[in-house]
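Thanks for coming, everyone. Let me put the structure up, and then we will walk through it together.

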Number of protein chains: 2
Amino acid sequence: MNTSYPEPARFPVTVDVVALTVSAGALQVLLITRLIEPFKGSMALPGGFVLPGEGLIEAATRELAEEAGVAEQPGYLEQLQSYGPKGRDPRGDVLTVAHLLLAPNFPVIAAGSDAASAGWYPVKDVLAGEYSLAFDHAEILSDAVERARSKLEYSPLGAAFCTPEFTIAQLRAVYDAVWDTKLDPRNFHRKATGTPGFLEDTGKMSTGEAGRPAALFRLAPQAHTTRAACAHAVLNPPLMRPAALTGQD
Amino acid sequence: MNTSYPEPARFPVTVDVVALTVSAGALQVLLITRLIEPFKGSMALPGGFVLPGEGLIEAATRELAEEAGVAEQPGYLEQLQSYGPKGRDPRGDVLTVAHLLLAPNFPVIAAGSDAASAGWYPVKDVLAGEYSLAFDHAEILSDAVERARSKLEYSPLGAAFCTPEFTIAQLRAVYDAVWDTKLDPRNFHRKATGTPGFLEDTGKMSTGEAGRPAALFRLAPQAHTTRAACAHAVLNPPLMRPAALTGQD
DNA sequence: ATAATTATCGTCATATTGACAATAAATGGC
DNA sequence: GCCATTTATTGTCAATATGACGATAATTAT
């Protein structure tokens, strides 16, 4: 019995990862410098071809490990969106599935290494066009940042940028960096601590910083950064994002 | 000069469309009956292989036209998520990019046709497992419905289920069908008409129905159902979804 | 010790929501 | 034509959430 339908076209499929972190008070993205054509010398998102028998998240995790030199997945990874296959790679039709990683700052393969170099770059500068990005990676980055910004409104994912235990001020610094705002510390404290199922007091206090020590919190179990918890809202009503700062001090 | 890296693996790529509409007071999904293996006889989302030189939305539009027999894209179409390539097709690794269509009720190729038949099925019944769905289409449908539900909270996309001009009650019926709620007509009216940039009064009135005639609205230009408008919130603060009805009258 | 810094609690005006009363304007039955 | 019924629309009111900011607490820096 011959179920005859034409042989389907096949496409190379890549995964790209927009890895975001907060450091030095700003949102940063992980970029690598391309050592091969096309776009040799340009910067690009880490990523690469999906292998037979792989799932998408699996492939994204592997590429992140290979290109940034990270041992374990350091944060929260989710699929962002797919792009292509038409008109995004000079070599031909290539479909890419972009992913979003939100993570605390982690060390990457230092620039200057002979093989490949990965580094953190301020998102603001990259989006402003200060670096030349390969393929459609500028568009992907832009979509990823918008996704991250809106995720902070209604999900507990701001905490994905923090270490397992963190202060309210550290969490607020994440919001301020991602949203480019200066949220009111008192109102933010009220919202963060007053939202059921969001934070859990560890009982411990921060030490060593200037000023009064702050209580250390962790994510409440219900809010743990898993796909299940973040699909639905935890911040309800959401923490709405004010207009971004207009760019002066 | 030989930039030698291994030839990348290639995968068949499909697009699937979760087409949703509201009719008979309930959310309905467009399903076709599979006439070929695998899953011959099962129901499935309309979809098919991406062709060389196609973009994803383009391919989804084409498949919708081919399998449901619709001439023009009847509503709002956006990408949902990608699935695979591992472990979702018995024939091997196939990547699928699922799409979401929100549309007013439109006629499809009638069941009983010899070639293929498409029809609307109540989402509630399909998700309850009353039909056997091919591949991972049950999971895709579930994700799509959740996406649609959350879109109604902060975007004007409820109107994508309506004809170009509609009453507040028709829009509310959409919300009630998608969310499985019975929103208060008075509060809904206040929110819908009171949200700047959402609705625009046509000046016309509905006729022929029981009860007092209702004013006819259309989407405000700012809120028109395009990707640009719906990426950002129009309903701000959002219209939060109450708990769904528990299942009695 | 004192100043500076940061955390945390409180206050108050304003905006939004949810519940529901009341009125307006049509249809349908007689 | 008259009245009950239905649906649309306006309004009221208490509860809740937000934004702006005062005040106090508990550290480090000098």
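Which residue has an N or O atom in its side chain 3.4 Å from a phosphate oxygen of DNA strand C? It is His189(A). Before going on, please note that this is a predicted model.

Let's stay with DNA strand C. In total, 22 residues surround this strand. The closest are Ala169(A), Arg186(A), Ala215(A), Arg186(B) and Arg190(B). Of the strand C atoms that come within 4 Å of the protein, 51% belong to sugar and phosphate.

Now some individual contacts. Ala215(A) uses its backbone: a polar atom there sits 2.8 Å from a phosphate oxygen of strand C. Arg186(B) reaches a base instead. An N or O atom in its side chain is 2.7 Å from a base nitrogen of strand C.

Which helices supply the surface near strand C? Three of them each give at least two residues. From chain A come helix H4, residues 168-179, and helix H5, residues 185-194. From chain B comes helix H5, also 185-194. H5(B) gives the most, with four residues. By class, this surface has eight nonpolar, four polar and ten charged residues.

Next, DNA strand D. Here 23 residues lie around the strand. Nearest are Arg186(A), Arg190(A), Ala169(B), Arg186(B) and Ala215(B). Sugar and phosphate make up 52% of the strand D atoms within 4 Å of the protein.

What touches the bases of strand D? Asn187(A) has a side-chain N or O atom 3.0 Å from a base nitrogen. For Arg212(B), a side-chain N or O atom is 3.2 Å from a base nitrogen. On the phosphate side, a backbone N or O atom of Ala215(B) is 2.8 Å from a phosphate oxygen.

The helices again. H5 of chain A, and H4 and H5 of chain B, each supply at least two residues near strand D. H5(A) gives the most, with four. The classes here are nine nonpolar, four polar and ten charged.

Last stop: Leu56(B). Its place is in helix H1 of chain B, residues 56-68. Is Leu56(B) buried or exposed? It counts as buried, because its relative accessible area is 6%, and buried means under 20%. Beyond its sequence neighbours, Leu56(B) contacts residues of chain A, including Tyr83(A), Pro85(A) and Leu95(A). It also contacts residues of chain B, among them Val15(B), Val50(B) and His99(B). One distance to finish: Leu56(B) and Ala98(B) are 42 residues apart in sequence, and 9.4 Å apart in space, C-alpha to C-alpha.

Methods. Residues numbered from 1 in each chain as written. Chains lettered and ligands numbered in written order. Predicted model: local features only at pLDDT ≥ 70, side-chain atom pairs only at ≥ 80, totals over all residues. Heavy atoms only, no water. Near = heavy atom within 4 Å. Polar contact = N/O pair within 3.5 Å; in protein donor to acceptor, adjacent residues only side chain to side chain. Nonpolar A, V, L, I, M, F, W, Y, C, P; charged D, E, K, R; others polar. Buried < 20%, exposed > 50% of the residue type's maximum accessible area, 1.4 Å probe, protein only. Contact = heavy atoms within 4.5 Å. Lists of a residue's contacts leave out its neighbours within four places in sequence.
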